[in-house]
Amino acid sequence: MAVASNLGYPRIGPHRELKAAQESFWRAEIGVAELMRRASEIRRRNWALQREAGIAHVPCNDFSLYDHVLDTTAMLGAVPRRFGWPGERVDPATYFAMARGASGAKGGGAGAPAMEMTKWFDTNYHYIVPEFEEEPRFRLASTKPVDEFLEAKALSVAARPVLLGPVTYLLLGKD
């Protein structure tokens, strides 16, 4: 008997709901709680659609608010110093600052430029390039893969976490 599986599901939503939520958040029309609620709703629908389609191994952690490489950077706490991250959990402000840059409005100064974006191999998909500073200190700074696994489990979805491999992550980065 064949078993249906996949490595991920499109995360933007059938009507570009993620893009609309992100833009509303970036314009300060909605807060982080509403952004997360909308993201959770997209994940819930994606998991239900896959389960209904007969996918035996439904992936989780395939959803991202920006891209899966940036999610891995956040999970590993590999935040470049210029973002002034205090070193605990990577919050949405730091996460989006790495992707989009940060103004210096809060503390004065010039702010922090975004991390480089480049194409995922030979596709039209882009990702944020990890930056490895001298003596990097990787540490758990996001529990997103576990959180989404538990979220799926609470919905009775037998999900399988999808992670970017460590060698791939290191090869995608730059000094």
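Biologist: How many cavities of 30 Å³ or more does a search of the whole structure find?

Modeller: Happy to look, and do keep in mind that this is a predicted model. Rolling a probe the size of a water molecule over the atoms shows where empty space is left. For cavities of 30 Å³ or more, the search of the whole structure comes back with a count of 1.

Biologist: Thanks! Which helix gives the most residues to the lining of the largest cavity?

Modeller: The largest cavity holds about 40 Å³ of space. Its lining consists of Tyr9, Arg11, Arg43, Asn46, Trp47, Gln50, Pro59, Asp62 and Phe63, and these divide into 4 nonpolar, 2 polar and 3 charged residues. With 4 residues, the top contributor to that lining is helix 2 (residues 32-52).

Biologist: Now to the pocket side: which element gives the largest share of the lining of the largest pocket?

Modeller: The largest pocket has a volume of about 860 Å³. The elements giving two or more residues to its lining are helix 1 (17-26), helix 3, strand 3 (126-128) and helix 5 (144-154). The largest share is 5 residues, and it comes from helix 1.

Biologist: Which residues lie nearest the centre of the largest pocket?

Modeller: Let us start from the whole lining, which divides into 18 nonpolar, 9 polar and 8 charged residues. In total 35 residues line this pocket, and those nearest its centre are Arg11, Tyr66, Asp67, His68 and Tyr125.

Biologist: Good to know. Why are helix 1 and helix 2 described as roughly antiparallel to each other?

Modeller: The axes of these two helices come within 10 Å. An angle over 145 degrees counts as roughly antiparallel. Helix 1 and helix 2 therefore earn that description, with axes that cross at roughly 175°.

Biologist: Which residues of helix 2 does helix 1 meet?

Modeller: The residues of this contact divide into 6 nonpolar, 2 polar and 3 charged. From helix 1 come Glu17, Leu18, Ala21, Gln22, Ser24 and Phe25. Their partners in helix 2 are Val32, Leu35, Arg38, Ile42 and Arg45.

Biologist: And helix 2 with helix 5: at what angle do they pack?

Modeller: The axes of helix 2 and helix 5 are 11 Å apart, and the packing angle is about 60°. That makes helix 2 oblique to helix 5. The crossing is right-handed. So to your question, with the oblique arrangement in mind, the angle is about 60°.

Biologist: Which residues of helix 5 are met by helix 2?

Modeller: On the helix 2 side, the contact uses Ser40, Arg43 and Trp47. Taken together, the contact residues of the two helices divide into 2 nonpolar, 1 polar and 3 charged. Two of those helix 2 residues, Arg43 and Trp47, also appear in the lining of the largest cavity. The helix 5 residues are Glu148, Glu151 and Ala152.

Biologist: One last pair, helix 3 and helix 4: what is the hand of their crossing?

Modeller: Helix 3 (residues 68-76) and helix 4 (residues 92-100) pack at about 130°, with their axes 11 Å apart. They are therefore oblique to each other. As for the hand, their crossing is right-handed.

Biologist: Which residues of helix 4 make that contact?

Modeller: Helix 3 brings Leu70, Asp71, Thr73 and Ala74. The contact residues divide into 5 nonpolar, 1 polar and 1 charged. From helix 4, the residues are Tyr95, Met98 and Ala99.

Technical notes. Residues numbered from 1 in each chain as written. Predicted model: local features only at pLDDT ≥ 70, side-chain atom pairs only at ≥ 80, totals over all residues. Heavy atoms only, no water. 1 Å grid on protein atoms, 1.4 Å probe; cavity = no way out; pocket = protein on both sides within 12 Å on 5 of 7 lines; lining within 4 Å. Points joined across faces, edges and corners; volume = space filled by probe spheres on them. Nonpolar A, V, L, I, M, F, W, Y, C, P; charged D, E, K, R; others polar. Axes fitted to C-alpha atoms, helices over the stretch in contact; angles between N-to-C directions. Parallel < 35°, antiparallel > 145°, perpendicular 65-115°, else oblique. Left-handed = near helix turned anticlockwise from the far one by under 90°. Contact = heavy atoms within 4.5 Å.
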